[in-house]
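Reader: Hey, got a minute to walk me through this one? I'd like the overall picture and then a few residues.
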Amino acid sequence: MTTDIRARIHAILAEQAMLPPEEVTDDQSLADLGVDSMGVVEAIFAIEEAFDIQVPFNANEPTKSDFDISSVAAITEAVRKLVEEQRA
């Protein structure tokens, strides 16, 4: 399941960055990908829709959110946890 989540996250972020998914790596930040603050919000909405979850993210204060967007890997892990919590 984690591989599927990772692939879907990479695809969503690649779309926001207008890059091929294979150019997205786990160690990149959204800034590395060229995703601006509006792109972050759009990516969060896309993630919520793709996984049918609620992401605890405040676009006005992203550093105070409980959702780690520091890297692609951090986003993938945070989504994995939210998906598991929802299924529990």
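Author: Sure, we'll go from the overall fold to the core and then to some single residues. Keep in mind that this is a predicted model.

Reader: Ok, how many helices and strands does the protein have?
Author: There are 4 helices and 0 strands. Along the sequence that reads as α-α-α-α. The radius of gyration is 12 Å, close to the 12 Å from the globule rule for 88 residues, so the protein is as compact as a globular protein of that length.

Reader: And what box do the C-alpha atoms fill?
Author: Roughly 35 × 30 × 20 Å, taken along the principal axes. As for burial, 42% of the 88 residues count as buried.

Reader: What share of the contacts join residues at least 24 apart?
Author: That's 57%, counted among contacts between residues at least 6 apart in sequence.

Reader: Let's switch to the core. Which residues of the largest nonpolar core touch the most other members?
Author: Ile9, Ile47, Phe51, Phe67 and Val79, out of 25 residues in that core. Helix H1 (2-17), helix H2 (30-33), helix H3 (37-51) and helix H4 (72-87) each supply at least two of the core's residues.

Reader: What does Ile47 touch?
Author: Leaving out residues up to four places away in sequence, Ile47 touches Ile9, Ile12, Asp52, Ile53, Val55, Ile75 and Val79.

Reader: Now Glu48. Is that one buried or exposed?
Author: Glu48, which sits in helix H3, is buried and has no salt bridge. Arg8 has the nearest side chain of opposite charge, and that is 13 Å away.

Reader: Hm, so what does the side chain of Glu48 reach?
Author: The backbone nitrogen of Val55, at 2.9 Å. Val55 is also one of the residues Glu48 touches, along with Ile53 and Gln54, again not counting residues up to four places away in sequence.

Reader: Different topic: backbone angles. What's the phi of Met18?
Author: Met18 has a positive phi of about 55°, although it is not a glycine. Met18 is in the loop between H1 and H2, and it is exposed, with a relative accessible area of 74%.

Reader: And Asp52, which you listed next to Ile47? Where does Asp52 lie?
Author: Asp52 is in the loop between H3 and H4. Its phi is near 55°, a positive value in a residue other than glycine.

Reader: Buried or exposed, that Asp52?
Author: Asp52 is exposed, with a relative accessible area of 58%.

Technical notes: Residues are numbered from 1 along each chain as its sequence is written. This is a predicted model: local features need pLDDT of at least 70, side-chain atom pairs count only at pLDDT 80 or more; totals for chains, interfaces and linings use all residues. Side-chain values use heavy atoms; hydrogens and water are left out. A nonpolar core is a set of buried Ala, Val, Leu, Ile, Met, Phe, Trp, Tyr and Cys residues joined through side-chain atoms within 4.5 Å. Buried means under 20% relative accessible area, exposed over 50%, partly exposed in between (1.4 Å probe, protein chains only). Contact means heavy atoms within 4.5 Å. Lys and Arg count as positive and Asp and Glu as negative; His and the chain ends are not counted. A salt bridge is a side-chain nitrogen of Lys or Arg within 4 Å of a carboxyl oxygen of Asp or Glu. A polar contact is a pair of N or O atoms within 3.5 Å; within protein, one must be able to donate a hydrogen and the other to accept it, and residues adjacent in sequence count only if both atoms are side-chain atoms. The radius of gyration is taken over C-alpha atoms; the globule rule is 2.2 Å times the number of residues to the power 0.38.
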